[in-house]
Amino acid sequence: NKQLTNDQLTQWDHDHFFHPSTHLGQFARREMSNRIITGANGVYITDREGRSSLDAFAGLYCVNVGYGRTEIADAIAEQAHELAYYHSYVGHGTEASITLSKMIAERAPDGMNHVYYGLGGSDANETNIKLVWYYNNVLGRPEKKKIISRWRGYHGSGLVTGSLTGLELFHKKFDLPLSQILHTEAPYYYRRNDLSMSEKQFSAHCAAELEAMIEREGADTIAAFIGEPVLGTGGIVPPPQGYWDAIQKVLNKHDILLIADEVVTGFGRLGTMMGSDHYGMKPDIITIAKGLTSAYAPLSGSIISDKMWAVLERGTDENGAIGHGWTYSAHPIGAAAGVANLKLLDKLDLVSNARNIGQYLNQAMAEALGEHAHVGEIRGEGMLCAVELVKNRDDRTFFDASEKLAPRIVGKMLERGVIARAMPQGDIIGFAPPFSLSREEADKIVEATKASIIEIL
Ligand code: PLP
């Protein structure tokens, strides 16, 4: 509404809008400014003051095909005109939700053929934990219920999913984690304690830590292990060589299910359709969200293996219909956005672009900043990249947290017209651009990062 002045909107914003993941006091006291986004096209967003920024984080690593795709907007509008809503309980569906299920099954690893829908990554992971518990109850092992996650993992911010998340900010003052949820070591090679370990040795060490936890607790009490193929919000950390093979062996040995949380990696971000394929993981459940619709509409999913499906089916034969449903499961508008988005990914071969331009971005970042005295590590995979800053490269010491280094650098980058993300834990600057990024746009990201780091450090 152009009648409203920026001052009016800003007043309402500070007075009434409870923003997620925001310092409420600072925002209310206006020690932090707001930003009202009005439009976007390609990899650029614009705000109400007419400023344009290259979004090198694709929103929250979700607008994978880029902004302003009319194919998806049209599909949403058509669906809204024809049928804005009907539920999917007791066998109801829409052409969009049925077609999307088939398309997801075709893109999932072999033997994963059923999709349950939610609205976001958090509720999908809540579904997953319930399904794992149901599964073990049907199999007659009611004690096998604990879930192992990793420190630095991110799986959402609900009660269960906030517990699965292994970042202190998401636990503090919320009485989390819940007692059934345990955390094991993060596969964070750069931050390993024993520097003499090779990547493979560190992977074996992480697997041994996991197995020690399983044996301490008793394998008959552990239901599942959940992990992102590449740690995302915890710092954009690809796993060390051999990690998933080593973990998978331990899980198989102790009959523990694997949930691959592919909310970030699903549908192309690593340069392969699924992150599980990239690392040869054999999950029983895959969580999908962001890249499923490129965030044009809220939609998430849990892809279930045939092995689990058979038990769930048996469970309903024995106990009646499954008591789990959301009003908006498989919402037609989300499903229509999903179909159009997956078609666009194929048509423009954007997964290959994520691989090729992602590699270019990572290399250019390493060339520009690899030798800087305060850059400890530059790492990435596909269209993901992170720059980790350290006080001292030799012993990898941290800057004092009160210096708020990464947020300050990200602030300087914004002044140069580029949005990056200060990751929540550690001095890590994260990049996850849309897959449609060009080389010139990648160069612009690297230049802004370099100039801002040099300005502050
Ligand atoms: N899982 C992963 C790996 C995520 O990165 C996120 C969000 O960033 C979630 C789950 C939670 O998704 P949502 O914010 O849609 O609830």
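1. Helix axes here are lines fitted to C-alpha atoms over the stretch in contact, and the angle between two of them is taken between N-to-C directions, from 0 to 180 degrees. The model under review is predicted, and this note concerns two of its helix pairs.

2. In the first pair, helix α15 spans residues 405–415 and helix α16 spans residues 439–456; their axes come within 9 Å and cross at roughly 125°. Angles over 145 degrees would count as roughly antiparallel and those from 65 to 115 as roughly perpendicular, so α15 and α16 are oblique to each other. Their crossing is right-handed.

3. On the α15 side of this contact stand Leu405, Arg408, Ile409, Lys412 and Met413, which meet Ala448, Thr449, Ser452, Ile453, Glu455 and Ile456 of α16. By class, the contact of α15 with α16 comprises 6 nonpolar, 2 polar and 3 charged residues.

4. The second pair consists of helix α5 (residues 95–107) and helix α13 (residues 332–347), whose axes lie 8 Å apart at an angle of about 40°. Angles under 35 degrees would count as roughly parallel; α5 and α13 are therefore oblique to each other. The crossing of α5 and α13 is left-handed.

5. From α5, the residues Ala96, Ser97, Thr99, Leu100 and Met103 meet Pro332, Ala335, Ala336, Gly338, Val339 and Leu342 of α13. The contact of α5 with α13 contains 8 nonpolar and 3 polar residues, and no charged ones.

Key
Residues are numbered from 1 along each chain as its sequence is written. This is a predicted model: local features need pLDDT of at least 70, side-chain atom pairs count only at pLDDT 80 or more; totals for chains, interfaces and linings use all residues. Helices (H or I, at least four residues) and strands (E, at least two) are DSSP runs, numbered from the N terminus. A crossing is left-handed if the near helix is turned anticlockwise from the far one by less than a right angle, and right-handed if clockwise. Two residues are in contact if their C-beta atoms, placed from the backbone, lie within 7 Å. Ala, Val, Leu, Ile, Met, Phe, Trp, Tyr, Cys and Pro count as nonpolar, Asp, Glu, Lys and Arg as charged, and the others, Gly among them, as polar.
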